[in-house]
Amino acid sequence: MSMDYDVLIIGGGAAGKDAAFLAARAGLETLLIEKEKLGGTSCHKGCYVIRALQMCAESFRASGFSEKNPENLGIGYGYITEGWSDWSKVRLEVTGRLVKELEEELAKSEIPVKMGSAKFLDNHTIQISSSGGTSEKVTADNIIIATGSEPSYPGDGSTFPSLKERKGLKVFNSTQILENSVPPIHLVVVGGGYIGCELASIYRTLGSRVTLVEEKPTVLWDWDPLVGQKVSESLPEAGVTLQTVYSFEPE
């Protein structure tokens, strides 16, 4: 049986697009399927978004908190109330540029992209269902699943139901907080990994009171020890309350 494609990749994020480019360069007929937005988690919710926000924060800190700060970085006068909105515009602009560049690279490499959800019908057949209600079947000799990651905490209150009942308290995962329109007065970040440390630094620069808790003896515990030590020193210097060897067990 002749297949439609040599390689079919489910997921247009960092891993999926790299796999697609490698397959296409090898002369293989390649199809990329994406359910939501090209670029995946790293582009829309993860490292690139965090880097854009951190650049805004770094530029603000380097500016000396002057009302003459460049407005296009979201660090102008009145940043306490408007800064987050401006910074969010910056990250969306960065994301939009990255997606456009990816689309251009895929087109240049003659890699077709189909938008929709992928469902296995058998080992070599995928049904693609679009958000508009249409569907089609495609076949491939090889199928790569590169559907990415998502926060382990769903953000619907099911993980910590007791917290949901506390008046005035909002619980977000790392994706949801980026979409929150107003920076919190006090933010508690649970987890001293890369994203946790970055969020703590960003929101502290915005003016939020920030507490970072980590169950290990140091933040970034699985990185180079010197890096973890440096960040453990720099966060408190920036005004972040850091609590390590801390077990987070909500009542």
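Colleague: Let's start with glutamate 136: which residue does it form a salt bridge with, and how far apart are the closest N and O atoms?

Modeller: Glutamate 136 pairs with lysine 114, and their closest N and O atoms are 3.3 Å apart (a salt bridge is a side-chain nitrogen of Lys or Arg within 4 Å of a carboxyl oxygen of Asp or Glu). Glutamate 136 sits in strand E6 (residues 135-145) and lysine 114 in strand E3 (residues 113-115), so the bridge ties together parts that are 22 residues apart in sequence. Helices (H or I, at least four residues) and strands (E, at least two) are DSSP runs, numbered from the N terminus.

Colleague: Before we go on, what should I know about the model itself?

Modeller: It's a predicted model, with local features needing pLDDT of at least 70 and side-chain atom pairs counting only at pLDDT 80 or more, while totals for chains, interfaces and linings use all residues. Residues are numbered from 1 along each chain as its sequence is written, and side-chain values use heavy atoms, with hydrogens and water left out.

Colleague: Back to that pair, then. How do I read the relative accessibility of glutamate 136?

Modeller: The scale goes like this: buried is under 20% relative accessible area, exposed is over 50%, and partly exposed is in between (1.4 Å probe, protein chains only). Glutamate 136 comes out at 36%, so it counts as partly exposed. Lysine 114 is partly exposed too, with 22%.

Colleague: How many salt bridges does the structure hold?

Modeller: There are 3. Another one joins arginine 91 and glutamate 179, with the closest N and O atoms 3.2 Å apart. That pair links distant parts of the chain: arginine 91 is in helix H4, glutamate 179 in helix H6 (residues 176-179), and their positions lie 88 residues apart in numbering terms. Their surroundings contrast: arginine 91 is buried at 4% relative accessibility, whereas glutamate 179 is exposed at 57%.

Colleague: And what does aspartate 18 form a salt bridge with?

Modeller: With lysine 17; the closest N and O atoms there are 3.2 Å apart. Aspartate 18 is partly exposed at 39%, and lysine 17 is partly exposed at 25%.

Colleague: Okay, helices. How does the span of H1 compare with what it should be?

Modeller: The expected span is 1.5 Å times one less than the number of residues. Helix H1 (residues 14-25) has 12 residues, so it should span 16 Å; its end C-alpha atoms are 17 Å apart, which agrees. Its buried residues are Gly16, Ala19, Ala20, Phe21 and Ala23. A handy rule for lists like that: an α-helix has 3.6 residues a turn, so residues three or four places apart point the same way. After H1 comes glycine 27, with a positive phi near 85°.

Colleague: What about H7: is it largely enclosed or largely open?

Modeller: Largely enclosed by the rest of the structure, because 10 of its 13 residues are buried. Among them are Cys197, Leu199, Ile202, Tyr203 and Leu206, and Glu198 is in that buried group as well. Its geometry checks out too: the 13 residues of H7 (residues 194-206) should span 18 Å, and the end C-alpha atoms are 19 Å apart. Just after H7, glycine 207 has a positive phi of about 115°.

Colleague: Where is alanine 200 found?

Modeller: In helix H7. Alanine 200 is buried, with a relative accessible area of 0%. Its C-alpha atom is 9.4 Å from that of threonine 241, a residue 41 positions away along the chain. You can read serine 85 in helix H4 in a similar way. Serine 85 and proline 183 are 98 residues apart along the chain, and their C-alpha atoms are separated by 9.4 Å. Serine 85 is partly exposed at 39%.

Colleague: You've mentioned positive phi in glycines. What is the phi of leucine 220?

Modeller: As background, most residues other than glycine have a negative phi. Leucine 220 has a positive one, near 50°. Leucine 220 lies in the loop between strand E8 (209-213) and helix H8 (225-237), and it is buried at 6%.

Colleague: And is valine 245 buried or exposed?

Modeller: Exposed, at 60% relative accessibility. Valine 245 also has a positive phi near 50°, and you'll find it in the segment after strand E9 (241-243).
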